[in-house]
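Let's take a walk through this structure together, starting with the empty space inside and then turning to the side chains packed around one another.

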Amino acid sequence: MTREPLWPPFVAMLAIGGLYAALPTSLLGGAPRWLMVAIVLVLIVPMLVLHRRGNHSVSHALGYVLNVIVTAAMIFSLAFLLLQVTQHAITPQRLMTSAAALWGSNILVFASWYWRLDAGGPHERARTTGHTDGAFLFPQMTMHPDAKTAAGEEDWEPHFVDYLFLAFNTSTAFSPTDVPVLSRWAKGLMMIQAMISLLVIALLAGRAVNIL
C-alpha cells in the first residue's frame, strides 16, 4: 500500500485562493482579494494538525467545509461574470483573464470533490490494500492480477493527481475519457463540472466572435 502525499490537495486549494485573488473586484461581490486565501489557510492548518494527530474524521469534515466554500465562491463569481457580459460591463481583457481563472478553478474544485468523496475519502482508501471499488473505474482496477504484479501496481490506489487528471479531461473533452463513471453522484458532479466549463468556453468563444 502506497501512502499518498498530503501536499497536492492542499496546494490545489491554495491555487484556488490565488486564482480567486486574481479576479477583478467586480466579480468578488465586495469581498477583499485576500479573503479566499485567508479562509484556505485558516482551514488547512487545523486540517493538517488533526490529520497528524490521527483525528481524520474532523479533518475530513473541515475538508468538506472548505470544498463547499470554494465551490460557492466560484459559482458566485461566474454568475457575476455572466451578468457583466450580458450588460456589456466588462472589457475583453478582463473577460479573458477572468474566464481563464474560473476555468482553472473549476478543474481544481471538482478534482478536490472527487478526491474527497470517492470510496469514502483518502483515509478510507488508504486503509485497504489496493483500490478495487469506488465511483470511478480507473484502468489499474481492470488489470489482470498477474499484469498488476508485473507492473508493480498490485497495491495501486488513486491519488489526487489521478482525480486532477479526471477533472481536467472533464473540463476539456467534456467526458471522463479513460475512466468510466460508476456512481450516480459522480455522474451528477461531472455533469455540473462540464456544464460550468462549457459555459466559460462559450463566453470566450462569443467574445472572440465579437472581436472578429
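H3 is the main contributor to the lining of the largest cavity, giving four residues. In this predicted model, H1 and H4 join H3 in supplying at least two residues each to that lining. The cavity has a volume of about 80 Å³, and among the residues around it you will find Ile16, Tyr20, Val70, Met74, Leu102 and Val109. The lining counts 10 nonpolar residues and two polar ones, with no charged residue.

The structure holds two cavities of 30 Å³ or more, so to speak of the other one: the second largest encloses about 50 Å³. Here too, H1, H3 and H4 each provide at least two lining residues. Its lining comprises six nonpolar, three polar and one charged residue, and includes Pro9, Met47, Leu66, Trp115 and Arg116.

Leu66 also takes us to the largest nonpolar core, a set of 49 residues in which Leu66, Tyr114 and Phe136 have the most contacts. Helices H1, H2, H3, H4, H7 and H8 each supply at least two of its residues, and the largest share, 12 residues, comes from H4.

It is worth pausing on H4 itself. This helix has 26 residues and spans 37 Å from first to last C-alpha, close to the 38 Å expected. Just after H4 comes Ala119, with a positive phi near 55°.

Finally, look at Phe136 and its surroundings. Leaving aside residues up to four places away in sequence, Phe136 touches Tyr114 and Asp118, and its other contacts include Tyr163, Leu166, Pro180, Trp185 and Met190.

Terms used
Residues numbered from 1 in each chain as written. Predicted model: local features only at pLDDT ≥ 70, side-chain atom pairs only at ≥ 80, totals over all residues. Heavy atoms only, no water. Core = buried A, V, L, I, M, F, W, Y, C linked by side-chain atoms within 4.5 Å. Buried < 20%, exposed > 50% of the residue type's maximum accessible area, 1.4 Å probe, protein only. Contact = heavy atoms within 4.5 Å. Expected span 1.5 Å × (residues − 1). 1 Å grid on protein atoms, 1.4 Å probe; cavity = no way out; pocket = protein on both sides within 12 Å on 5 of 7 lines; lining within 4 Å. Points joined across faces, edges and corners; volume = space filled by probe spheres on them. Nonpolar A, V, L, I, M, F, W, Y, C, P; charged D, E, K, R; others polar.
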